[in-house]
Amino acid sequence: MNPWTLAYEGFDLASEPLREALCTLGNGYFATRGATPEGPRRTAGTYAAGCYDRLTSTVAGREVTHDELVNLPDWLPLTFATPDTPWFAPAEADLLDYRQELDMRHGVLHRWVRWRDGEGRVTLLRQRRLVSMADPHLAAIESVFTAENWSVPLRVRASLDANVTNNGVERYRAFRGDHLTEHRHGDDWLTATTRSSRITIAVAAHGHGEHVLHLTEQVPTTFTKVVALFTSRDRAIHDPLSAATRAVRPAPSFAELLERHTCAWEALWERAELEVDGPEVAQIVHLHVFHLLQTLSPHTADLDVGVPARGLHGEAYRGHVFWDELFILPWLNLRFPEIARGLLRYRWRRLPEARAAARAAGLDGAMFPWQSATDGREETQTVHLNPASGHWLPDHSHLQRHVGLAIAYNVWQHHLATGDLPGFAVELFIEIARFFASLAELRDGRYEIRGVMGPDEYHEGAPGLDNNAYTNIMTVWLLMRAAELGPVPARWDDITRRMRVDFHDGVISQFTGYAELKELDWARYEGVRRLDRALEAEGDSVARYRAAKQADVLMLFYLLPARELLAILDRLGYSADPGLIRRTMDYYLARTSHGSTLSAVVHSWVLARSDRASSWRFFTEALNSDIKDVQDGTTAEGIHLGAMGGTLDLIQRCYLGLEADRNGLTLNPLLPGQLATLTLSVRVRGAFVHIAVRDGAIRLTRGPDGPDRLAVTLAGRPIAMTRGESRTFPLPGKEETMSERRAAPGDLGRRITHRRESQGLSREQLAERAEVTPGYIEYIEQNADSISTEALYRLAVALGTTAEDLLGGGLDRPPGPGRGTTRPALEELDEKECLRLIEPGGVGRVAFGGLPGPTVLPVNYRVHDGAIVFRTKYGGAMDEDLRTGLEGVEIKIGFEVDRIDEAMHEGWSVLVQGPAHHVSEDEFATVSGADVHPWAGGERDLYIKIVPHRITGRRIHAL
């Protein structure tokens, strides 16, 4: 697997909508779905950032008005035909080969099509497509035709199509989608205008029309189509049509476009660097970065646009802006702060509309809408269709006032990351604070916020819920932060001390009255994500039960560190014991159906430091949200941009513990074992910092820019880094004690156990001597990855030895050699025992006769179907030196695994000898499932298999 490509074999009409969304190409100005250029059965879509139009439809007996991201004229159409045959369409053609591949490194969509016409003529088409990241108005398709067994003319037809509508989401088809009108056409251009917003769109093409290519057998012939797209929203143009025609006459060649485009992507990837272990995870991480930057690129920074929840990839949610920026801006702040600032300006420019909405509700400040589009008015639907029942139901989700809290949180995070808080951002922040302060009402000695809806969305009440914990506590956080910007009204301070929060069963209540809800029969609805639809179809309502669509209360643990949340509760006068957070997490984890892709992101985050296995499981689900379409068909309607941004933020801010604060940069890493190698670059307060985690250490490198000194705190340890400085530190839990040296994993614990038992001491007795708890003794004996120097000396004194001896003794002894035991016993191992010992996999050594001479290399390995499997890189020593060039001739090599227990002076060694060969394509699908990661990380996608012919082993016992 190449971690930089997403590939699909064969043409599958049923999966085309999903492929179209995932293979979308864009540049932040506009994007085009990865639809085939030919054939009628396709969901083509081109969307320009911020290009909305408002239409009114009659649905369920009522008039409904919606502002929608417009599907623009289709520039893709390009088809071809051999003599006396119909125009090519993949769904009807006799396909011999078909492959589609998204090259994320360079932003190019490749396609290989090999088909046979009715006369037996075989033709190969190689196609490349790009939407230029260098020039945001240009896009192109290059088609290379090769006639394999014939030499006759090939007809090619390239066109532009303005007769498109918004019909990409089936459940929206009851609404009008005919946004484009006033169509005009020329020889190689077209224009159309949106019905109500009056935006004119112009598309001009080079290579338009019908052409005849005279193909010669086995000689490739190239045809290129270049298009330019402009709208009347663009700046520095006379009009869209003249701008579009000037851009393609004369058109640059595809090669020139590609060179400029790939250079632009190279610059983006340098800033967006995020490399992780394993090609599977790396591929999805790259995919998420890729689609985020195609929606929100540097070209976006100067546009008046927000964060569309489904990117520029489809028509779900009608292209509206929700709160998904909460999960995306933290990643952008640390890499592309100019984009993040542009997105905050989108909100600031809509302050007049938000202020008007607040005034209309009798409140102060700015009340931002749950769904926003063109001008910032509330765009949330009033009815929605339940596909499970066919019923049109009232929709109250506009009551999710917490979107304003998300905007304020993003302002604050931008301030911490950049060190800057421009005047427009201060105004935005304070106006949101004014709104939430006015929303709070004093009742019976506590401030309450009534009539709102939390992130859960399954519970909305009528009209709204009271005291949603997430909304109330984040309001306190907001008003406390506002006080840091300057004097605030005394009432604001009072709210931060007397806001109401409900509790039940020893946990935080999601809202007032939650405890009165019924428990759901979860076994009956196992695996059902959209419980609201399922229960409504049965005549029931999920609002009657303690069930959540996604994280609600747990959002508090996502946004606020535990210490900050507990401090807020303490400030409010609530006694919160340390176990409250864990109890609350467990309670709502058991009552969430994960009907939103954002839910897995939040749950992974909140479990990261208490249940690492479950955290990784949720992280994996979030990674797979779109590539595996875990929501059963929703990805085809547009990617889930918030979940994509959330997974990237999980890696950097959660697992790496990276936070920008008032002092600089804080790192508190706790990486899952699956992310043992991690590389990324960030920019904090103007300072570039490169971070590399590998082999239990973290290396920090500062760039030449930014302040002279940057304050860095690594796991509580303050470090001042100067420009150009590079330093390496052990990861927390990997620190070396006693002359910067650490015992092998578990050695210290075994030595302590051995000495304690040899003296006849119980853990309780040793704990009393060392003045620690028995539980701490148990932990050290079983998990001795690290220990403080003070505790080490206490245990040494209690055991009548030295700290030096507990660590392995002999500070002058170089690491590695163990002391021989006085009376060793050597045992020969049979083949069955050898296989049992090496079965778990791990690290071994491969020995073979390389071109430079005898070669020994370490590898990570797995035992799969009785063979040793490991990975290396193409073109490396094992690739070149293990090739004979003769079919069926394999080179025999040696493979050794040993395990030495220095603490007990014993160990074993197993040697496997046999032929090694490169795994064939036929074997790849099976062998790649062995879950083996390369020793050195990176792009090491060559699998090698050793078939054992001889297995021997020895074990040494200490007597």
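Let me begin with what I mean by a ring pair: two rings of Phe, Tyr or Trp, taking the six-membered ring of Trp, pair if their centres lie within 6.5 Å. With that in hand, and keeping in mind that this is a predicted model, I can say that ring pairs link Tyr317, Phe322, Trp323, Phe327, Trp370, Tyr558 and Trp605 into a cluster, and that the structure holds 30 aromatic pairs.

Let me take one of these pairs, Trp412 with Phe429, whose rings are tilted, with 40 degrees between the planes and 5.7 Å from centre to centre. Because Trp412 belongs to helix α8, residues 403–418, and Phe429 to helix α9, residues 423–439, this pair ties together parts that are 17 residues apart in sequence. Trp412 and Phe429 are both buried.

Now back to two members of the cluster, Tyr558 and Trp605, which form an edge-to-face pair at 4.7 Å centre to centre, with 65 degrees between the planes. Here Tyr558 lies in helix α13, residues 555–559, while Trp605 lies in helix α16, residues 597–607, and so the pair ties together parts that are 47 residues apart in sequence. Are these two residues buried or exposed? Tyr558 is buried, with a relative accessible area of 2%, and Trp605, with a relative accessible area of 12%, is buried as well.

Finally, a word on charges over rings. The charged end of Arg105 sits over the ring of Trp4, at 3.8 Å from the ring centre, and Arg318 lies over the face of Tyr172, where the distance to the ring centre is 4.0 Å.

Notes: Residues numbered from 1 in each chain as written. Predicted model: local features only at pLDDT ≥ 70, side-chain atom pairs only at ≥ 80, totals over all residues. Heavy atoms only, no water. Phe/Tyr/Trp six-rings, centres within 6.5 Å; stacked < 30°, edge-to-face > 60°. Helix = DSSP H or I, 4+ residues; strand = E, 2+ residues; numbered from the N terminus. Buried < 20%, exposed > 50% of the residue type's maximum accessible area, 1.4 Å probe, protein only. Lys NZ or Arg CZ within 6 Å of the ring centre and 35° of its normal.
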